Amino acid sequence: MFEIVFLGTSASAPSIHRGLSAQVVMHDEFRFLIDCGEGTQRQILQSGLGFKRLNRILITHGHLDHILGLAGLLSTFMRWETIEELEIYGGKWALDRVHDLLYGVVLRGAKPPMKITLLGIKPGRIFQTDDFCITAIPVSHRGPDCFGYLFEEGNRRPFLPEKADALSIPPGPWRRDLVNGLPATLPDGRTILPDQVLGEDKPGTRLLHIGDVGRTSELVNAAHEVDALVIEATYLTNEADMAYEFGHITARQAAELAEMAGAKHLILTHISRRYRERDVLEEAQATFSNSIVARDFDIFQVRRDQVIKIDSQDK
Ligand SMILES: [Zn+2]
Ligand SMILES: [Zn+2]
């Protein structure tokens, strides 16, 4: 299961209701801040997330509405927050600009308050733990080296309690070992193998986050049957020519991608203040009914085949 907290859902410039791009994806104790638009640190405070363990940042691309908040965040860390190490992942173009911002503007020769590592990425696996991984997906937008991020849990074999009951396996450490794929020797001397109580391999939850993007055709594979597709919807179809010109997509194009890829849910963000939210939603839902437009401070739990909104402050 992944959780995603939207901190900023506005395109290009903030509006009264929406801050600039930033969201946090969480899995167990791991947290990833994706993009850090201007004002993100205040959104982090207001969301109640706090700065703890916010030590990994994934940048989709180097446009200012996605990175300027890094300067403020670092400036705050210099005063009072203690994070031992900050890792910032992104394409070369984005990281060059982040480097200029952090070292040229904020630090200007001062020692960083923590170890800062800028990790240049290429398409492919960029992060891996025992039970989930993150893959960088190349994305076409204005400028080179733009990336989306695919969060994937590993496959899992579900524990079948009815089989365990049939074998009279008592509750306790024996069942726990079997859940973890280990054989268990019961108090009565029998040894039970995981195969006897585990079901078929089931794919884990998958969440694809795409930031700004001008073309969806090459994303169909990455979005194939994902449980949640998070993607920009900067324009509506009546201004599709402008979307094309500026390397963005319309709500309908986002919905068509979700439909074509067989995604389970579509969550739209990077919303322009030129439009009403309800018009963006209507356009997307006309093509893909499981569409949602994210608002600042919305929190979604993404599970296998399921997206549950668990909190929202309607600002
Ligand atoms: Zn943007
Ligand atoms: Zn952009």
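This report looks at a zinc site and an internal cavity in a predicted model.

## Ground rules

The model is predicted, so local features need pLDDT of at least 70 and side-chain atom pairs pLDDT 80 or more, while totals for chains, interfaces and linings use all residues. Residues are numbered from 1 along each chain as written, chains are lettered from A and ligands numbered from 1 in written order, and side-chain values use heavy atoms, leaving out hydrogens and water.

## The zinc site

Four residues hold the zinc ion (ligand 2): His61 through NE2, His63 through ND1, His141 through NE2 and Asp212 through OD, at 2.1 to 2.3 Å. (Donors are N, O and S atoms within 2.8 Å of the metal, or 3.2 Å for Na, K and Ca; water isn't among the atoms, so sites may look incomplete.) Along the sequence, the spacing of these donor residues reads H-x1-H-x77-H-x70-D.

Asp212 does double duty: it coordinates both this zinc and the zinc ion (ligand 1), and the two ions sit 3.6 Å apart. His63 and Asp212 are both buried (under 20% relative accessible area with a 1.4 Å probe, protein chains only).

## The cavity

Searching the whole structure turns up 1 cavity of 30 Å³ or more, with a volume of about 60 Å³. (On a 1 Å grid over the protein atoms alone, a cavity is a set of points where a 1.4 Å probe fits but cannot get out; lining residues have an atom within 4 Å of a point.) Asp212 turns up here too, in a lining that also includes Asp35, His66, His209 and His270.

How values were computed:
On a 1 Å grid over the protein atoms alone, a cavity is a set of points where a 1.4 Å probe fits but cannot get out, and a pocket is an open set with protein on both sides within 12 Å along at least five of seven lines; lining residues have an atom within 4 Å of a point. Grid points are joined across faces, edges and corners, and a volume is the space filled by probe spheres set on the points. Buried means under 20% relative accessible area, exposed over 50%, partly exposed in between (1.4 Å probe, protein chains only).
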